[in-house]
Amino acid sequence: MEIEQLKEEALKSVDKMVTTKAKAQAIAFLRDTLLPAVKQFADGLAQALKNSATGKTGWCYFRDAYLFPGIINITCWGFGKLLDSVGTATEKEAATEAGTAQPTEQEGSDAPAAQPGQA
């Protein structure tokens, strides 16, 4: 089988691979396996940067002690929050497809439900 034939066969079956279950598994892998490993590496990197700040002054100290470690920590935190949000949405989507979803009146809104007598 030539590479072109292999490519064409893969492209024909790509729709079968893109399922809610596959998406949920990908999010779970990213959130539960990859992110903790990245955080562990990022913590070590941030600590090494902070350690390298000793003996430096001025902007170089600020860069190594606060700027780079802060960027690293904020990025990991933000990616974790993103994966949590996407994971929750994916789980709701999977439940809806399975027919087990509970109806939500204000899905996607953090606003409280209207109370009787409110306009």
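What follows is a walk through the fold, surface and side-chain pairings of this chain.

The model is a predicted one, so local features need pLDDT of at least 70 and side-chain atom pairs count only at pLDDT 80 or more, while totals for chains, interfaces and linings use all residues. Residues are numbered from 1 along each chain as its sequence is written, and side-chain values use heavy atoms, with hydrogens and water left out.

First, the overall layout. The protein chain has 3 helices and 0 strands; helices (H or I, at least four residues) and strands (E, at least two) are DSSP runs, numbered from the N terminus. Along the sequence this reads as α-α-α. Of the 119 residues in the protein chain, 13% are buried, where buried means under 20% relative accessible area, exposed means over 50%, and partly exposed falls in between (1.4 Å probe, protein chains only). Contacts (heavy atoms within 4.5 Å) were also sorted by separation: among those in the protein chain with a separation of 6 or more, 56% join residues 24 or more positions apart.

Now for the surface. About 9,400 Å² of the protein chain is exposed, and carbon and sulfur atoms supply 61% of that area. Accessible areas come from the Shrake-Rupley method with a 1.4 Å probe, and for residues only the protein chains shown count as cover. A nonpolar patch on the surface is built from Trp59, Tyr61, Phe62, Tyr66, Leu67, Phe68 and Ile71, which together offer about 750 Å² of accessible area. To join a patch, residues need over 30% relative accessible area and no salt bridge; like charges are joined within 9 Å, and nonpolar side chains (Val, Leu, Ile, Met, Phe, Trp, Tyr) within 5 Å. One of the patch members, Tyr66, sits in helix H3, which spans residues 58–98.

On the cysteine side, the count of disulfides comes to 0, a disulfide being a pair of cysteine sulfur atoms within 2.5 Å. Cys60 is partly exposed, at 37% relative accessible area, whereas Cys76 is buried at 11%.

Charged pairs are next. The whole structure contains 6 salt bridges, each one a side-chain nitrogen of Lys or Arg within 4 Å of a carboxyl oxygen of Asp or Glu. Arg31 takes part in two of the pairings described here: with Asp32, the closest N and O atoms are 3.5 Å apart, and with Glu91 the N to O distance is 3.6 Å. The Arg31–Glu91 pair ties together distant parts of the chain, since Arg31 belongs to helix H2 (residues 20–52) and Glu91 to helix H3, 60 residues away. Glu91 itself is partly exposed, with a relative accessible area of 47%.

Another salt bridge runs between Asp64 and Arg63, with their closest N and O atoms 2.7 Å apart. The two partners sit in contrasting settings: Asp64 is buried at 3% relative accessible area, while Arg63 is partly exposed at 29%. Back at Arg31, salt bridges with shared partners join Arg31, Asp32 and Glu91 into one network.

Asp64 deserves some further detail. This residue lies in helix H3, and its side chain makes a polar contact with the side chain of Lys56 at 2.5 Å. A polar contact here is a pair of N or O atoms within 3.5 Å; within protein, one must be able to donate a hydrogen and the other to accept it, and residues adjacent in sequence count only if both atoms are side-chain atoms. Setting aside residues up to four places away in sequence, Asp64 touches Leu49, Lys50, Ser52, Ala53, Lys56 and Pro69.

A few other positions on helix H3 fill in the picture. Thr90 is part of helix H3 and is buried, with 9% relative accessible area. Apart from neighbours within four places in sequence, Thr90 is in contact with Thr20, Lys23, Ala24 and Ile27. Lys81 is found in helix H3 too and is partly exposed, at 44%. The C-alpha atoms of Lys81 and Arg31 are 9.6 Å apart, although 50 residues separate them along the chain. Glu97, likewise in helix H3, counts as exposed at 57% relative accessibility. Between the C-alpha atoms of Glu97 and Lys21, 76 residues apart along the chain, the separation is 10.0 Å.
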